[in-house]
Amino acid sequence: MSNLTLAQAKTILAKHTTEDHLIKHAVAVSAAMGAMAEHYGEDKEYWEAVGYLHDVDYEKYPEEHCQHVRELLEPEGVDEETIATIISHGWSICVDEPEPVTPLQKSLFTVDELTGIVMAYGLMRPEGLKDMQLKSFKKKFKDKRFAAGCNRDIIKKGFAMMSDMDPADIMTCTITGMQAHAAELGFAE
């Protein structure tokens, strides 16, 4: 297990990412991963750090996403297990391996796109993320025209690989994780 902290992840990402929307996405995925870690009884800060760093190469290499993670993180002292986990979130999308196999990797693969739908729904609601209910979120999730840029097939692929967890529970973790970081995501509390 790595000793990567969220503070270290934020320092590293700041060297490679300046676009506000990418930083907000890092916060959203980090928040969702923290909630997933709590569900699994794992190290919350480590899972948040992995979530925060998952798109470390995206701003510089959008057409080669996940293919430059190692060269950016090895010099920072990030261990191989963490690097492989971060790369795995691009499995079947922009890299062929490693396939997500651990709960951490499967969670990252699944919540990455899912946070985009939660964020879009929060932005359209007068209350933002506050009091967002699973039932109403599911309706937005089913509407393929809503947040059309978020790939539901990838999310569903993640749901299928996370057979130990109901999709509703994954959605709930993502929502509650992001609600805990509403201000950081730009929502009024």
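**Exercise 1. The largest cavity**

In this predicted model, helix α2 gives the most to the lining of the largest cavity, with three residues; identify the residues that line this cavity and describe their classes.

*Solution.* Begin with the inventory of enclosed spaces: two cavities of 30 Å³ or more are counted, and the largest of them has a volume of about 50 Å³. Next, list its walls, which are made by Leu 6, Lys 10, Val 27, Ser 30, Ala 31, Glu 48, Tyr 52, His 181 and Glu 184. Two or more of these lining residues come from each of α1 (6-16), α2 and α3 (44-53). Finally, sort the lining by class, which gives four nonpolar, two polar and three charged residues.

**Exercise 2. The second largest cavity**

Determine which residues line the second largest cavity and how they divide by class.

*Solution.* The volume of this second cavity is about 30 Å³. Around it stand Leu 13, Thr 17, Leu 22, Ala 26, Tyr 52 and Asp 55, and by class these are four nonpolar, one polar and one charged. When this list is set beside that of the largest cavity, Tyr 52 is found in both linings.

**Exercise 3. The largest pocket**

Find which residues lie nearest the centre of the largest pocket, and which element gives the largest share of its lining.

*Solution.* The largest pocket has a volume of about 530 Å³. Of the 21 residues in its lining, those nearest the centre are His 25, Asp 55, Tyr 58, Asp 112 and Glu 113. The elements that supply two or more lining residues are α2 and α6 (103-124), and the largest share, six residues, belongs to α6. Divided by class, the lining holds nine nonpolar, eight polar and four charged residues.

**Exercise 4. How α2 packs against α9**

Classify the relative orientation of α2 and α9, and describe the residues through which the two helices meet.

*Solution.* First take the geometry: the axes of α2 (residues 20-40) and α9 (residues 167-179) come within 7 Å and cross at roughly 125 degrees. Angles of 65 to 115 degrees count as roughly perpendicular and those over 145 as roughly antiparallel, and α2 and α9 are therefore oblique to each other. The crossing in which α2 passes α9 is right-handed. Then take the contact itself, in which Ala 28, Ala 31, Ala 32, Ala 35, Met 36 and His 39 of α2 meet Ile 170, Cys 173, Thr 174, Thr 176, Gly 177 and Met 178 of α9. Eight of the residues in this contact are nonpolar, four are polar and none is charged.

**Exercise 5. The surroundings of Tyr 40**

Place Tyr 40 in its element and name its contacts beyond four places in sequence.

*Solution.* Tyr 40 belongs to helix α2. With its neighbours within four places in sequence set aside, Tyr 40 is in contact with Trp 47, Pro 103, Ser 107, Met 162, Asp 164 and Met 165.

**Exercise 6. Backbone features in the loops**

Locate the cis peptide bond and the residues other than glycine with positive phi, Asp 131 and Ala 147.

*Solution.* The cis bond joins Glu 97 and Pro 98, with omega about 0 degrees, and Pro 98 is in the loop between α5 (80-88) and α6. Asp 131, whose phi is positive at about 60 degrees, is in the loop between α6 and α7 (134-142). Ala 147, with phi near 50 degrees, is placed in the loop between α7 and α8 (152-161).

Conventions: Residues are numbered from 1 along each chain as its sequence is written. This is a predicted model: local features need pLDDT of at least 70, side-chain atom pairs count only at pLDDT 80 or more; totals for chains, interfaces and linings use all residues. Side-chain values use heavy atoms; hydrogens and water are left out. Axes are lines fitted to C-alpha atoms, for helices over the stretch in contact, and angles run from 0 to 180 degrees between N-to-C directions. Helices (H or I, at least four residues) and strands (E, at least two) are DSSP runs, numbered from the N terminus. Angles under 35 degrees count as roughly parallel, over 145 as roughly antiparallel, 65 to 115 as roughly perpendicular and the rest as oblique. A crossing is left-handed if the near helix is turned anticlockwise from the far one by less than a right angle, and right-handed if clockwise. Contact means heavy atoms within 4.5 Å. Ala, Val, Leu, Ile, Met, Phe, Trp, Tyr, Cys and Pro count as nonpolar, Asp, Glu, Lys and Arg as charged, and the others, Gly among them, as polar. On a 1 Å grid over the protein atoms alone, a cavity is a set of points where a 1.4 Å probe fits but cannot get out, and a pocket is an open set with protein on both sides within 12 Å along at least five of seven lines; lining residues have an atom within 4 Å of a point. Grid points are joined across faces, edges and corners, and a volume is the space filled by probe spheres set on the points.
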